[in-house]
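Welcome to this short tour. Keep your viewer open and follow along, one selection at a time.

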Amino acid sequence: MKKAIILTSFGSTHQDTRKKTIEVLAEEIRDLYPDYELRQTFTSKIVRQKVLSRENIKVNSLKEELDLLINEGVSEVVIQSTHIIPGSEFHKIDMQTKKARKTGLKIKVGQPLLSSPEDYREVVNYLKENFTPKSENEITLFMAHGTSHASFTSYVALAYMLNNSPLYMACVESYPELNDIIPDLKEKQIKKINLRPFMFVAGDHAKNDMAGENPDSWKIQLQNSGFEVQTYIEGLGEYKKIRQILLNHLEKSMKYESRCRHGR
């Protein structure tokens, strides 16, 4: 009986961060499950097109890979996502597995990073233990992607759980935004801000929107607001603890029948 694991991500056009994050997780999965064939897919069509154009690497969509596996006679597929929250990108998994399930293919789906209260507690504790500044008047600010999906509240919950600590969370594309927290930082007389991406990979958003030299980047906006800024280009996927949470979700999905639980 042929079985496969599909590691699916939003994807990144930056090869350097893929090697440090997605590829590391892929290798860990291969080591843990040698009886399964491992495939990789990107949910972003734009990323797939750019990777093909720039690197001549063809990365399938999840639907394309499922069709391929069905034609190859695979009987069971386990899908593990590297998405942070069960938002619009993760919801694509549910949409793209419906047709494949009708063929009789057995599909199990591992949940994204933040899928339960325990996930939130584990991640928040890890952030506090590893990224709390030692100096007064200094904070760490995480840049999350954000989403227009109803699950944008995941980031609000994170920000709330980080309350009363020198760790802050804001989003590129939704609430809470950078401008929502700057007045609070000024009121608390914060002098230095450590900027880090809260994304599995450290690609365009981390390098340009967060740490870039353009006037709209968070780094420049914060410097113009009077803060000293230090940037760190490290994706969450570089941290073993974060990858372990996803591996735990994969293991759980293998033991129990699971599907997407709502809809980056």
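Accessible areas here come from the Shrake-Rupley method with a 1.4 Å probe, and for residues only the protein chains shown count as cover. With the whole protein chain selected, that surface comes to about 12600 Å², of which 47% belongs to carbon and sulfur atoms. Bear in mind that this is a predicted model, where local features need pLDDT of at least 70, side-chain atom pairs count only at pLDDT 80 or more, and totals for chains, interfaces and linings use all residues. Residues are numbered from 1 along each chain as its sequence is written, and side-chain values use heavy atoms, leaving out hydrogens and water.

Now switch to a cartoon view. The protein chain has eleven helices and eight strands (DSSP runs, H or I of at least four residues for helices and E of at least two for strands, numbered from the N terminus). Of its 264 residues, 53% are buried, meaning under 20% relative accessible area with a 1.4 Å probe, protein chains only; exposed is over 50%, and partly exposed is in between.

Next, select His 145. You will find it in the loop between strand E5 (138–144) and helix H7 (153–161). UniProt lists His 145 for "active site" in an unreviewed entry, and such annotations may be inferred rather than shown by experiment. Is His 145 buried or exposed? Its relative accessibility is 9%, so His 145 counts as buried.

Last stop: select Gln 80, in strand E3 (residues 76–81). Gln 80 is buried too, with a relative accessible area of 1%. Add Leu 250 to the selection: its backbone nitrogen lies 3.2 Å from a polar atom of the Gln 80 side chain.

Conventions. Polar contact = N/O pair within 3.5 Å; in protein donor to acceptor, adjacent residues only side chain to side chain.
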